[in-house]
Each structure stands twice: as C-alpha cells, then as structure tokens.
Amino acid sequence: MKQWWGQKETLCFDAMTMIVLLMILSCVAVESRRNETLAEHIRRRPGIPPKFLGYTALSSIEPGENPPYSALCKGRKRINECVSLNPFLTMEVDTEGPLADVQNVTVTVRGVLNPDENDWIAVMPSSESNFIDNCPYVKLLYLETGDTQELPLLCKYPVKFQHIGKADSQYLNCKNSECQKKLGGFCLAKTCTGSITFRLINIRSDVIFVFFGYGLIHPCILLTSKSLSFANPLSPLHGHLSSVNSAADSMRVTWVSGDYEPQSVIYGYNNYSVTSSVTTFQQSDLCDTDLGPATGFGWHDPGFIHTAVLTRLLPSTSYEYQYGSEKAGWSKRNKFRTPPAAGDSEVKFIMLSDMGKNERDSSNEHYLQEGALDVIDAVAKEVDAGGVAAIFHTGDISYATGFLVEWDAFLEMINPVASRVPYMTATGNHERDFPGSGSVYPTPDSGGECGVPYETYFQMPSQGPDKPWYSVEYGPIHFTVMSTEVDWTCGSEQFTWLEKDLASVNRSRTPWVIFSGHRPLYSSAVADSLLSEILRQVDSSMMLAIEPLLVQYKVDIATWGHVHQYERTCSMQNWKCVYKPTKNIDGIDTYSSSSYAGPIHVIIGMSGFRLDEFVDTPADWSLVRISKYGYTRFHATHDLLQCQLVLARNGIVADQFELLRSPSSKFTESNTNL
C-alpha cells in the first residue's frame, strides 16, 4: 500500500510539474539569475564583512541599480502610460517622509474625469524598475501556490494594493468632486477625488505609490508618486521568542534589521547583555528553479536576521528586555515570562495552525487569510490576561509562499504575542514543499522557499538545517514536534529520532505527551480541488508509519493542521474508534487514561485560512466537527489535561474535553470500550 501510494503520487506530480514547466517555458526566456551589477555594488561598499558579499540587505542601493527579474516572457511588454488627455489629474501623499516603522499614509488622487472600478493604487519598492512591465505568465506562479484570486500581472509583485472604489465609497459616484473649469455659472469640467489609506511597515527599502488604470490584468500607469524613505532602514524589528530547552533557564530572541553588524539584547534587572549572531539568505539559497516566485518576481530583500540566547533565567519568572544597537537604534522595552520548567505542576498554553496573515488597512495581496487578524487579536487578549506559557503554531505559518515581503507583514502581526511568550512552530507544506527539493510531497506549495526563510526566522531547538523536528517540556507535558514534509518513513533519520524521543519520556516528570505535526492522520474534510482529491487530505502511508509510534509510546493527544477546520476524534487505532469519552457532571467529554487505548486526534487548522467543509456522512470516530475561526486553549496539571476550542470573534468555547490521569468521581457512567 505504501509503495503503491508513493508511485502514484510521484507519477501524478511528475506529470503536473512537467505541465507547469511547459506552460511557463512556452513564454519564458531564462536569463542569468545572478545580479552582477548589484553584486559588484555590494563588493564596492567599504566595511562589508566577506561572509555577506553577495547579499542584498543594503537599504542605500539607489533606485534602478537592481535590474529586472531574469525570467522574461515573450508576451512581456512595457506598460505604457494610460492614453489620457486629462490635464487635471494629480496624486497627493499626506507625508513627504521619512516614515516611521509603522505609519498610516493617505494617498489621494484628484482630477479624475471618469472614475472606474478598475482604478487601483499599489505600494511598490522604489528600487525596482521592472514593476512597469507586464508579465501575463505570473498568473501561473500565483496558481502554483494555491492562490486563485485575481492579482496584478506585473513583473514585480507589489507590497500591497487597493482598488480606489472599494476603499473610498465616494469615488465611483463622484460625491467628492471639484469644478475645474466654469463658464458663467456652469461647470464645464467636473472631476472626482478618491483616497486610500495604507498602513506601511518598515521593509528596509524606499517605496512609491503607483496609480494604475484598466485593472489588474492589463494595467497601465496613470501616475507615480515620489519615493518615500523609512526614517531608519536599520531598525531592529519584529522580535519574537522561542524556547531553547526544557529547563526554562534560557530564551532565544530573534529579530530583523537592515544592519549586518551584530547587535545586543539587554535584559533583566541586572541589565545583562548578550551579542547577537547574524545571518541572512539570498536568492541562490532558495530552490534553484524558475518555476517559483521566490527567486524572481516575488523576491524581497530579507535584511539581516539576528538571534541571541538569553541565559541565567529562572522558570515562571518575568523579565524585561530590549534589542538593537547604538547604530541601528533600540526596540521598545518588552517584557516576557519564562514558561514553567519540565516537571512543574501546571502549565497553560495555546495551539493553532494555518493562520497566515491579513492586512489591517484592508489592502489586498497574494494569499490573505481572512480569519488571521481575529485569531491573533483574540490570542493577544489571552496573553494580556496572563498565564499563557507558550504558543504552538503547527505549520503553514505566514503563507508567504515565495512572496517574501509577506514574511515582514506576518512577523509584525504576531509581534504583540510572540515578543512576550515563546512562539513555537512546526513546518508545513507552504513553508517547505517544492518539486526536486527533497520534500516528501513534490508540490510547489512553498513557491520556491523550500524552508529556508522559515528556518531562518523561526529557530527552534531542532536537529539541524532541514531537520525541523524537536521536543520540549513545559510543566507536566512533553511536546514532540515532527515535520510531515521531510522523510518520516520507517528507518529514516526523523523516524529514528521520533522513536528515541518518545521512548525517553519520563512519565513521572511529564505524565502527558502531546504530539504535533502539520498533515493529519485522520480527517473528515471534503476535498476542495482535483489536486486534493488525488492526494486526499490524509496520506495513509504516513498513518501506517507514524501511528504505531503514537500507540506504542502512549501519546495522549496528537494535534494537526493542514485541514482548515476543527475536528476531534475518539481514541484511535488503525481507522477505528477504540475508546469513547463520557460526560462528566458538567457535561464535558472526559477521557480516562487509567487504561490507555490510543491517542485523541485534534485538527486545529481553523486559525486563519479560508475554512473547509466536512463530508455529509462522517465516520463514527469523528466526534466533533466545527468550521469556524479560532484557536485551542490548554491547561494541564499532573492529574488533568483540559482542552477548549475558543472562537475568535466572540470568545465562546465551542468544544471542550479533558483527560484524567486516574478514574474520578466526576464520571456519571462507565466508559465504553469499542
């Protein structure tokens, strides 16, 4: 069965890859990807350490020095200025800059004679000249990552964009009008005005606003603004935390800056200081292919990623910290709380998956997740209230999928929570998968990122590069995190590690074991496309390899994402329900672990991405199915493990269950073994 599935899958995706390749190669002439002019520019700059030669995180590169994307379509054409005899058209920006790290900027177009629903304004990196070219073939690059919405067919992807008629209700009906020419008491030329407010974050490069007409498919340029700079392109930004070990005596801080020089973290009442290590990535570090957006029109300079490990900490203790340097500036003063150490009596934490990002200014961009803001804002309230020790995000993190400026947007979005508690992650298909990259599933879901940005931004206590599996213990829980996208077959390096890790758990110290990965072993979801119908939501070969480990080592709960809904099973083995919970006196489903039967599987992929539907007639092992945005909240002691599904919009607990370490008087009836 396993071998047959693998053959079928390989044949399917070899064919799919060839089709996409032929479609793109039919209109793409490949030039050298190496940006020699830019590389020479960097080498000329004094003071750049040799290890950073060839990297492009230099905010002072002038517009025009970064040549166009190397893949040129035969149908590619220079976008002309729109044919217009309108002498009244102007564009105003409410600031001349420089811009703060986060700033709202209002762009107003005046003098429009015929406002149209296809008029739109884009925010573009001003260092890119090739946005003025039209590349129809990029529609294929959007589609390969799974995004089917209508998006701009430019040769350089915009930071964000909005249609004026949707942003300003007075634009299309010309309620905000001006008379440009009068004759006597009559207006001979009435024009219309429309405004858009963009929320801009520091992306370490200058930006411009471009007013386009004729829609997203065949755009033409009406007006272009002057370039706006950020006040400090070196700013230390988007700090987020992750655990280093189970002793809770250390904490990793990771942040982004435009500066390649090491910076510092100042923390604690004694103002301890630790120096950051610095890394980055460039196009050549990503998948070496012209089939993905990451190395071409979706590329954006990531800046430099700094990370430092804070030591001499105590468990369950609050600390203030600040990161940066005199040259780059300093972050605001933040506060975090260390989680409880392994074996401590209690822990509370949050688990979610498939969240992605959305824009607070209602801008559009590739792959927005409509539930993301509601979920992260609800989680922020939980963190504000105190008691949350950590957050686990089990794959499909940002959905940047090769449009790299969107990593900045995601990191900025999660900062209010990730800067205060450890933000622990697992890799998903939209971080890792790409044909020929060594991923288990050769789909183009990462857009050519192949896990490089993910592992650079989120440095977990993993086993090494492209080995993103790890374990950590908080209080009475042992967490084991696998990668469903890297070889998990019996005898593989990951499988061997998983078995060793699960066998090593001291159940006296951590009586509960939670296992997490991205793709689920069980699901009742309806396939949402021909591709997912071919692959199905569940890979039976992974179930045959991984489930025996979960049963053998008595994993209590297995949490998964990938499917965009919430689903809870009874205790499972081999597609069969082997143990059903009973109601306690409060009406809560309760599983007794006094006699272990199998793991409870919980799909938690309802945290941002558009929601999936369930089959009409689910199997009897599927106990609860909810397709609403939310997250899961856990509370554990040595004797009790509780889980609640919390809906993001209203905070309602839509499902809850608990596990007891020993039989309790709270039971009203005997458990049913099936």
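Let me start with C450, which sits in the loop between α7 (429-432) and α8 (452-457). This is a predicted model, so please keep that in mind throughout. C450 has a relative accessibility of 12%, which puts it under the 20% limit, so it counts as buried. Leaving out residues up to four places away in sequence, C450 touches C287, E431, R432, F434 and S437. There is also a long-range relation here: D285 is 165 residues away along the chain, yet the C-alpha atoms of D285 and C450 are separated by 9.3 Å.

Next, the cores. The largest nonpolar core has 75 residues, and the members that touch the most others are M355, I391, Y423 and F458. Which helix gives the most to this core? That is α5, residues 372-385, with 8 residues. Take Y423 as an example. Beyond its neighbours within four places in sequence, Y423 is in contact with L241, S242, L352, M355, I391, H393, F410, I414, V417, A418, F458 and M460. A further core, of 28 residues, lies apart from that one, and W488, L502, L549 and L550 are among its residues.

On to cavities. The count is 5 cavities of 30 Å³ or more. The largest holds about 210 Å³ of space. Its lining consists of 20 residues, and those nearest the centre are K160, R199, I201, E359 and A409. Two elements, β10 and α6 (405-418), give two or more residues to that lining. Of the elements, α6 gives the most, with 5 residues.

Now β10 again, this time in its sheet. The sheet is open, has 4 strands in the order β4-β5-β10-β9, and is paired antiparallel. The edges are β4 (90-93) and β9 (177-183); each has a single partner strand, so one side of each lacks a neighbour in the sheet. From one strand to the next, the twist averages 20 degrees. β9 pairs with β10, residues 186-201, in the antiparallel sense over 6 bridges. Within that pairing, C179 stands opposite K190 in β10.

A second open sheet, also of 4 strands, has the order β8-β6-β11-β12 with antiparallel pairing. Here β8 (160-163) and β12 (220-224) are at the edges with a single partner strand each, so one side of each has no neighbour in the sheet. The twist in this sheet averages 30 degrees from strand to strand. β6, residues 120-125, is joined to β8 by 4 bridges, and the two run antiparallel. V123 stands opposite K160 in β8. K160 came up a moment ago, as one of the residues nearest the centre of the largest cavity.

Last, β29, residues 566-573. Is this strand enclosed or open to the outside? Of its 8 residues, 7 are buried, so β29 is largely enclosed by the rest of the structure. Its pairings are as follows. With β34, residues 622-626, β29 pairs antiparallel over 4 bridges, and R568 stands opposite V624 there. With β33, residues 600-604, there are 4 bridges, again antiparallel, and S571 has I600 as its bridge partner. With β30, residues 576-579, the pairing is antiparallel over 3 bridges, with Q573 opposite K576. β29 and β30 form a hairpin with 2 residues between them, and in the turn N574 has a positive phi of about 55 degrees.

Technical notes:
Residues are numbered from 1 along each chain as its sequence is written. This is a predicted model: local features need pLDDT of at least 70, side-chain atom pairs count only at pLDDT 80 or more; totals for chains, interfaces and linings use all residues. Side-chain values use heavy atoms; hydrogens and water are left out. Two strands pair if DSSP finds at least two bridges between them. Axes are lines fitted to C-alpha atoms, for helices over the stretch in contact, and angles run from 0 to 180 degrees between N-to-C directions. A nonpolar core is a set of buried Ala, Val, Leu, Ile, Met, Phe, Trp, Tyr and Cys residues joined through side-chain atoms within 4.5 Å. Buried means under 20% relative accessible area, exposed over 50%, partly exposed in between (1.4 Å probe, protein chains only). Contact means heavy atoms within 4.5 Å. On a 1 Å grid over the protein atoms alone, a cavity is a set of points where a 1.4 Å probe fits but cannot get out, and a pocket is an open set with protein on both sides within 12 Å along at least five of seven lines; lining residues have an atom within 4 Å of a point. Grid points are joined across faces, edges and corners, and a volume is the space filled by probe spheres set on the points.
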